[in-house]
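Q: Could you take me slowly through a close look at one pair of packed helices, and then show me what surrounds that part in the rest of the model?

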Amino acid sequence: MNEVPLTHILFVSTTLFFIGMYGLFTRRNIITMLMSIELMLNSVNINFVAFNKYLFPDKLDGLFFSLFIITIAAAEAAVAIAIIINLYRSHNSIDVDDATEMKF
Amino acid sequence: MSNYLYLLWIPLLPLATFVILGLFGRKYLSKIAGVLGTASLLTSTILSFVAAKQYFFADSKVNGAYQKIIAFKYTWLQFSPNVSIDMGIIVDPISIMMLIVVTSVSLMVHVFSLGYMKGEERFATYYAFLSLFTFSMLGLILSVNIFQVYMFWELVGVSSFLLIGYYFSKPSAVAAAKKAFIVTRFADLGFLIGILILGFYGGTLDIGLLIQKFTAAQSPEFISITTASFLGASMLTWGLTLIFIGGAGKSAMFPLHIWLPDAMEGPTPVSALIHAATMVVAGVYLVARLFPVFSMDEAALTIVTYVGAFSALLAAIIACTQTDIKRVLAYSTMSQIGYMMFALGISKNGGEHGLGYMASMFHLFTHAFFKSLLFLGAGSVIHMVHSNEMKDMGGLRKLMPVTHIAFLIACLAIAGIPPFAGFFSKEEILMAAFNSNKLIYGVALFTAALTSFYMFRLYFSIFWSKPSTVHNDHGEGPWVMKLPLVILAACAIGVGFIPFSNFVTSDGIALETHTDLLFSLAPVSFTILAILLAARFYKTQNDTSDKVASAFGGFYTAAHKKFYVDEVYLFITKKIIFPLIGQPIAWADKNIVDGFLLLTANTTATISNKIKGLQSGKVQNYALYFFGGVLALSVLFIYIWK
């Protein structure tokens with residue numbers, strides 16, 4: 001079996017990242033935006049793992065980093081959902097365009 | 001020697017009264033405000049007399065001379081090791097003499113006001129202001145530091161302002177208060193610059209040290225101040241002249257006298273206290289306090305002499321033509337202060353030649369009593385007649401016997417008829433003038449005759465002239481109004497016999513004076529002639545005075561209009577200073593200074609209006625800016641900043 005080249009994996013992760021970014025900018029629903037952020041985080045995870053595997057096969061630093069990111073992403077999701085619930089309680093909506101009080 | 005610490009209570013008691021009455025007077029203490037103020041001042045007065053007895057009689061003199069004693073000194077602001085502003089108490093013959101004058105006249109005025117101001121709505125406030133004034137005046141005379149003098153000087157000005165404007169619902173009183181404040185404030189600018197000049201060259205603000213440094217002809221300070229010159233006069237002359245301008249402002253010397261006649265808008269007892277006996281002599285006191293320095297500079301003394309003599313003469317002429325009795329008294333005050341000033345001006349420091357100094361202080365002392373008596377008498381008359389105008393009076397001698405006698409005594413005293421107080425002091429002044437400057441002597445003699453003429457014009461117009469037309473039921477007033485008159489009348493007779501030259505002289509050593517009967521002949525006979533003339537004109541109603549007035553023609557009109565000094569001031573301010581200096585500066589302020597600031601503010605506002613849309617409140621916009629920023633930094637660091 002031929003080895004998958006690094007560039008292929010990077011291409012996947014970059015695609016994933018920009019899909020996430022596109023979603024973050026275009027969606028108005030906060031939950032979808034949260035999901036987009038998760039996508040971006042995971043694309044970074046893929047980068048970490050891939051670089052670890054291809055550049056420093058005898059080290060584990062990249063893997064540990066992705067583990068940390070997964071943990072923090074879980075915590076972040078919990079906080080974000082708590083914020084979303086509070087926002088829904090106060091605004092009766094989870095559309096970001098409805099929550100624009102913090103302006104000039 | 002410094003067992004005079006109790007002197008601190010003399011100014012502090014009125015201060016305490018002021019604070020108490022000022023804070024709680026109107027609400028809680030309006031009934032007892034007068035009694036409270038009088039009682040605290042009575043204590044101060046007693047302490048002053050105790051101090052005088054201790055100083056003049058109990059403490060032994062050093063080499064036959066009374067010493068200057070610093071009873072208390074507290075360094076308040078230290079600028080450098082040598083220069084500091086101190087608060088303290090000085091004990092020397094003139095400060096003790098002034099203590100007696102201020103406390104006793106103030107006490108008389110406090111007592112008189114119990115009757116005169118009774119029923120006033122702001123009775124407690126009035127007493128609070130009186131206490132403030134008394135405190136400031138006492139602080140002024142006890143000052144050890146020239147800056148302390150300046151501070152109390154301003155406090156005196158403020159309390160004078162408050163008291164002149166006491167009837168603040170009257171526009172004329174408000175205008176008078178403002179005028180007094182502005183004119184004296186203007187003069188005080190000169191005083192301040194003078195202090196700074198002396199302080200700069202002397203390297204100290206302490207009065208004792210200043211005198212010590214500037215009277216030693218060899219000291220480096222004296223040499224530097226006399227060699228430095230500006231516009232042809234030495235800095236010593238400038239400094240002293242500027243200080244004298246401050247004194248002239250407070251003491252109503254020409255041409256800064258214009259506030260004094262208007263200041264008569266205040267309650268009459270206030271005029272008696274401030275504008276007759278105490279505050280207006282502050283200028284004389286200031287010159288006397290610094291007299292050793294003044295005596296080192298002939299030019300400054302000459303200015304003092306001629307300003308004093310001219311003011312004395314001018315005021316006496318104006319006084320002959322005024323019809324408001326308080327204004328007559330105001331001009332007479334100005335005239336008498338002119339006397340004191342030129343007596344200082346012709347004096348030398350120390351020994352036989354210090355006669356003028358001693359005479360000036362003596363006249364200050366006696367004048368305080370008979371002038372406050374005159375004002376309080378006028379107060380009684382106004383209380384009775386409810387008018388200040390001479391034409392509303394006449395024939396009051398039967399209605400107000402006590403006031404009549406007291407007023408007559410005061411008139412005789414100010415005219416200088418022996419054996420009343422004014423005779424002795426005026427005699428010394430004339431003697432000093434005769435010995436040093438014949439021109440001044442002539443002016444003084446003529447002024448003395450004028451003085452007795454206008455005083456007796458006043459006396460006859462009030463108490464004789466025509467049958468009385470006044471009808472009211474409160475009579476001459478309660479005993480609290482008569483008692484001060486009686487006491488002051490006794491003083492006006494008695495204080496002349498005090499051997500003043502034993503106590504107060506320029507160098508503290510007793511001075512031998514003698515009354516020369518032959519010398520007294522001229523002034524006394526002039527005076528009596530003037531009184532007879534006044535009696536001929538005003539004792540009964542006749543038109544002689546009008547005929548004489550019309551014979552003088554333009555001169556009479558000019559004097560009646562106070563020689564147009566007010567008009568000159570108005571012309572200078574309204575026609576010259578306002579359009580030529582005030583308006584351009586106002587224009588620059590409005591258009592350049594304000595314009596610059598407005599420009600800055602408007603620019604900021606415009607820019608922020610333009611960019612405030614960035615903060616839209618939309619999360620996704622912020623995310624976009626964030627990514628844009630990351631992108632820009634990436635480009636910067638990867639491609640540009642290699």
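A: In this predicted model, the pair to begin with is helix α2 (residues 30-55) of chain A and helix α3 (residues 61-91) of chain A, whose axes lie 9 Å apart and make an angle of about 175 degrees. Angles over 145 degrees count as roughly antiparallel, and α2(A) and α3(A) are therefore roughly antiparallel to each other. On the side of α2(A), the residues that make the contact include I30(A), I31(A), L34(A), L41(A), V44(A), F48(A) and F51(A), while among those that α3(A) contributes are L63(A), F65(A), I69(A), I70(A), A73(A), A77(A), A80(A) and I84(A). Sorted by class, the residues of this contact are 16 nonpolar, four polar and two charged.

A pair in chain B can be set beside it. Helix α3 (residues 93-116) of chain B and helix α4 (residues 123-141) of chain B have axes that come within 10 Å and cross at roughly 170 degrees, and α3(B) and α4(B) are therefore also described as roughly antiparallel to each other. Here the contact is made by S95(B), M98(B), L99(B), V102(B), S106(B) and H110(B) of α3(B), which meet L130(B), T134(B), M137(B), L138(B) and I141(B) of α4(B). The residues of this contact divide into seven nonpolar and four polar, with no charged ones.

Chain B as a whole contains 25 helices and four strands, and its C-alpha atoms fill a box of roughly 115 × 65 × 55 Å along the principal axes. Of its 642 residues, 51% are buried, but one helix, α24 (residues 565-611) of chain B, has a kink of about 55 degrees at F578(B), shortly before the proline P579(B), and none of the 47 residues of α24(B) is buried, so this helix lies largely in the open. Among contacts in chain B between residues at least 6 apart in sequence, 79% join residues at least 24 apart.

The two chains also touch, with nine residues of chain B in contact with nine residues of chain A, and the side that chain B brings to this meeting has three nonpolar, four polar and two charged residues.

As for confidence, the model scores ipTM 0.86 and pTM 0.78, and chain B averages a pLDDT of 85, with 98% of the residues scoring at least 70. Among the elements of chain B, the lowest mean pLDDT, 75, belongs to helix α22 (residues 544-552) of chain B, and the highest, 91, to helix α25 (residues 619-640) of chain B.

Terms used:
Residues numbered from 1 in each chain as written. Chains lettered and ligands numbered in written order. Predicted model: local features only at pLDDT ≥ 70, side-chain atom pairs only at ≥ 80, totals over all residues. Contact = placed C-beta atoms within 7 Å. Nonpolar A, V, L, I, M, F, W, Y, C, P; charged D, E, K, R; others polar. pLDDT = per-residue confidence, 0-100. Helix = DSSP H or I, 4+ residues; strand = E, 2+ residues; numbered from the N terminus. Bend = angle between axes of the 7 residues up to and from the residue. Buried ≥ 20, exposed ≤ 12 C-beta atoms within 10 Å, placed from the backbone. Axes fitted to C-alpha atoms, helices over the stretch in contact; angles between N-to-C directions. Parallel < 35°, antiparallel > 145°, perpendicular 65-115°, else oblique.
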